[in-house]
Amino acid sequence: MMKFKIFATCPVYLEDLLEEEILQAGGSILKRSPGGHMAECTLEELYTLLLWSRSASRILLHLQDFECNSQEDVYTAARGIEWDTVMLCSNTVACSCTVSGKSKIPPKSASLKSKDGLVDYWRDKTGDRPNVQRDNPDIAVHVHIHNEEGTLYLDLAGEGLHKRGYRLDAAKAALRENTAAAILSRAGWPRIAGEGGTLIDPMCGSGTLLIEAAFMAVGIAPRMHRSDYGFFHWLSHDPDLWETVFDKAEEKWKEGISSLPQIVGYDNDKTAIAAALQNIKRAGLEGLIHLEKKDLKDFRLTEKMKSAPGLLVTNPPYGQRIGEKGMLHSLYRNLGDIARDPDLKDWHMSVISDDESLLRSIGLKADRKNRIMNGPIKCSLYHYTLFGSSSRSREEGAPVVPVPVSLEADQLTPEAEQFQNRLKKNLKQFRKWKKREGISCYRLYDADLPNFNFAVDFYEDKWIHVQEYAAPSGIDENRARKRLHQAVAILSSLLNLPENAVYIKRRKRQRGKSQYGSSERAGDRYLINEGDCRFWVNFSDYLDTGIFLDHRNVRKYIHDHSEGKTFLNLYCYTGTASVMAAAGGASRVSSVDTSATYLTWARDNFLLNKFNPDDHRFIREDVQQWLGGCKDTFDMIFMDPPTFSNSKSRQNVMQVQEDHTDMIHKAMNCLNKEGVLIFSNNYRRFEMDPALEKEYSISEESSWTGSPDFARKGASHRCWFISHKEKG
């Protein structure tokens, strides 16, 4: 099937969202760049991206690379393209150019030269020429020159893809549609909507956040109402295939619109409300979004809004376009007062502004923040978890955001200097091992020193994940907290990372429903690499990040020994081992877990690695109950149960020490004669039932399934390979 090379652009800071969309459409990333990615995709995948991408600004079809040292090089390159395979001579055209790096070629002159080359090609071939039309041309050609390299593109978008087709009237300081979608994605709105939460924008303007929230909540393609694209006059355009892609999106629209959660917008400007009403109507959402003229000080939750924690999200005035900044601080303080309403306990709030002093006027400590562009304006997006009062207590297990600390070398206490020296030693110790094994995510520190009682995992040289072990009774909490703040400053300085790249969680012995619980905060997903696979991780929402680093050697074994085999992953978590099996050539992969969240995450990991989840099985069920009724058999089974679990689907609490005998018997009933069961757990005092060795061949392999970064405190897990004994 023919593949097309494209360059997809997006606002700076949204590259990770765009990459996910390209992969979900089925495309492959060829090169990542600030503000966009080079990718490869089929025509159907290209249409899907053009219709469904929420973050893209433009999709440019790659035509030709060329050496560019002068304006004449642009002319020669444009004249050398076989334009009769791209367009008709009767099409209108427009040419544009951008220049970056060291090139001194004037963009306007390069645009004219590319137009001259295109026109002269047609004049030489037919004696006729296409007409130039600056506004809404049939064919838009773009030249990009960087240093001494040039590239010619065909703009497949036409108008910018942030224009969805529903917004004709915009209030002052309106958000671009793809910026609004990014705000909602960063705020965790899709998850909140899936849990039945309400979205409220108390200063909604022309309703862009409300409309994009509706589209995202029920999976509506953002450009369902757009009628014109740049690819309509491209000769490779397939109208029938486009109609098929569009019809599928329309079916999803009809299926999803009935399940739209409650979305509410308020504004004290009647002109803005009128514009929002018209935009909502054009978006096909008339009567489905509640709008009301209401001042911020009159904000209150209705009883219906209190049914589940929701999202308060808004784009207040910045003072850039409307409002004087000196008068805006009181507005932001009022927003903070609203956020302290007890009825908003457990809600989330996200606010965008170009001025962090205004955001500080809210008077709440942000959980995290993102950079984001609102058109040409560089902004900060602050996210808050609301506690329903000015007193902000946190539950155990929730991430802790440390107070930023700057430490000079002469300010280090002796114990802090000892911690810094240990980090340097560990970095040096792991350098060769990391390079040799191709490892990009590893445990840097694991409570090596008694006064710094936490584990530090380093991801992709970009992010630090710290798990603080709760201090024993008798240890001064304030002193422990000060040490943690010192550690953050040392990590940030030593690893040359900003302190907001350090994610901190408190980990204590979990019991009952708290095990593996979510911190109930909405965070970002990040891409990491392991071998030839990639995975999504999340540093803020859950106690664990989405991958168990200590199991990397087990996953590699699964990858290297799964070709042509059927693979079963029990207690699959986010499906990292399942992806490894698929990447190793497994014929069929089945993944079982009780958590719908983790199974969705697992499916996303499959999509990320270009595997169709529909070709495999994702089973939401209690593992032991499922095994008891399983009639299938498998060549390889991986079972990594938690130390204990009280899943809602079980009447009794599962404890690995007490229940492992039954687990293993049931799993072995599903294992083919020549197969292997890989059984692992993290319970340090675990003892394998000796009776199992009489029935099966059991070999403990913990010595090599572990790795150097987890060796300092002994094995982080223990692992056995179990197979059927030969009969004879």
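Two strands pair if DSSP finds at least two bridges between them. By that rule, strand 22 (residues 588-593) and strand 23 are paired, in the parallel sense and over four bridges. The model described here is predicted. The points below cover an open sheet of seven strands, the pairing around strand 4 (residues 58-67), the buried residue Tyr153, and helices 1, 5 and 7, beginning with the sheet that holds strand 22.

**The open sheet of seven strands**

- The strand order in this open sheet is 23-22-21-24-27-29-28, and the pairing is mixed.
- The edges are taken by strand 23 (617-620) and strand 28 (696-700); each has a single partner strand, so one side of each lacks a neighbour in the sheet.
- On average, neighbouring strands of this sheet are turned by 15° against each other, with direction ignored.
- Within the pairing of strands 22 and 23, Asp593 has Arg620 in strand 23 as its bridge partner.
- Helix 16 (residues 596-608) packs on the sheet and touches both strand 22 and strand 23. The direction of helix 16 makes about 170° with that of strand 23.

**Strands 1, 4 and 7**

- Strand 4 pairs with strand 1 (residues 4-9) in the antiparallel sense, over four bridges. In this pairing Thr9 stands opposite Arg58 of strand 4.
- Strand 4 also pairs with strand 7 (residues 149-155), again in the antiparallel sense, over seven bridges. Here Leu61 has Leu154 in strand 7 as its bridge partner.

**Tyr153**

- Tyr153 lies in strand 7.
- The relative accessible area of Tyr153 is 7%. Buried means under 20%, so Tyr153 counts as buried.
- Leaving aside neighbours within four places in sequence, Tyr153 is in contact with Phe7, Met38, Leu60, Leu61, His62, Leu63, Ala140, Val141, His142 and His144.
- Phe7, one of these contacts, is 146 residues away from Tyr153 along the chain, yet the C-alpha atoms of the two are separated by 8.5 Å.

**Helix 1**

- Helix 1 (residues 15-25) is mostly covered, with nine of its eleven residues buried.
- The buried residues of helix 1 are Glu15, Leu17, Leu18, Glu19, Glu20, Glu21, Ile22, Leu23 and Ala25.
- Gly26 follows helix 1 and has a positive phi, near 110°.

**Helices 5 and 7**

- The axes of helix 5 (residues 177-187) and helix 7 (residues 208-217) come within 9 Å and cross at roughly 60°. That angle makes helix 5 oblique to helix 7.
- The crossing of helix 5 past helix 7 is right-handed.
- On the helix 5 side, Glu177, Ala180, Ala181, Ile183, Leu184 and Ser185 take part; they meet Thr208, Leu209, Glu212, Ala213 and Met216 of helix 7.
- Sorted by class, this contact between helix 5 and helix 7 has seven nonpolar, two polar and two charged residues.
- Helix 7 is largely enclosed by the rest of the structure, because nine of its ten residues are buried.
- Those buried residues are Thr208, Leu209, Leu210, Ile211, Glu212, Ala213, Ala214, Phe215 and Met216.
- Just after helix 7, Gly219 takes a positive phi of about 70°.

Definitions and conventions:
Residues are numbered from 1 along each chain as its sequence is written. This is a predicted model: local features need pLDDT of at least 70, side-chain atom pairs count only at pLDDT 80 or more; totals for chains, interfaces and linings use all residues. Side-chain values use heavy atoms; hydrogens and water are left out. Buried means under 20% relative accessible area, exposed over 50%, partly exposed in between (1.4 Å probe, protein chains only). Helices (H or I, at least four residues) and strands (E, at least two) are DSSP runs, numbered from the N terminus. Contact means heavy atoms within 4.5 Å. Axes are lines fitted to C-alpha atoms, for helices over the stretch in contact, and angles run from 0 to 180 degrees between N-to-C directions. Angles under 35 degrees count as roughly parallel, over 145 as roughly antiparallel, 65 to 115 as roughly perpendicular and the rest as oblique. A crossing is left-handed if the near helix is turned anticlockwise from the far one by less than a right angle, and right-handed if clockwise. Ala, Val, Leu, Ile, Met, Phe, Trp, Tyr, Cys and Pro count as nonpolar, Asp, Glu, Lys and Arg as charged, and the others, Gly among them, as polar.
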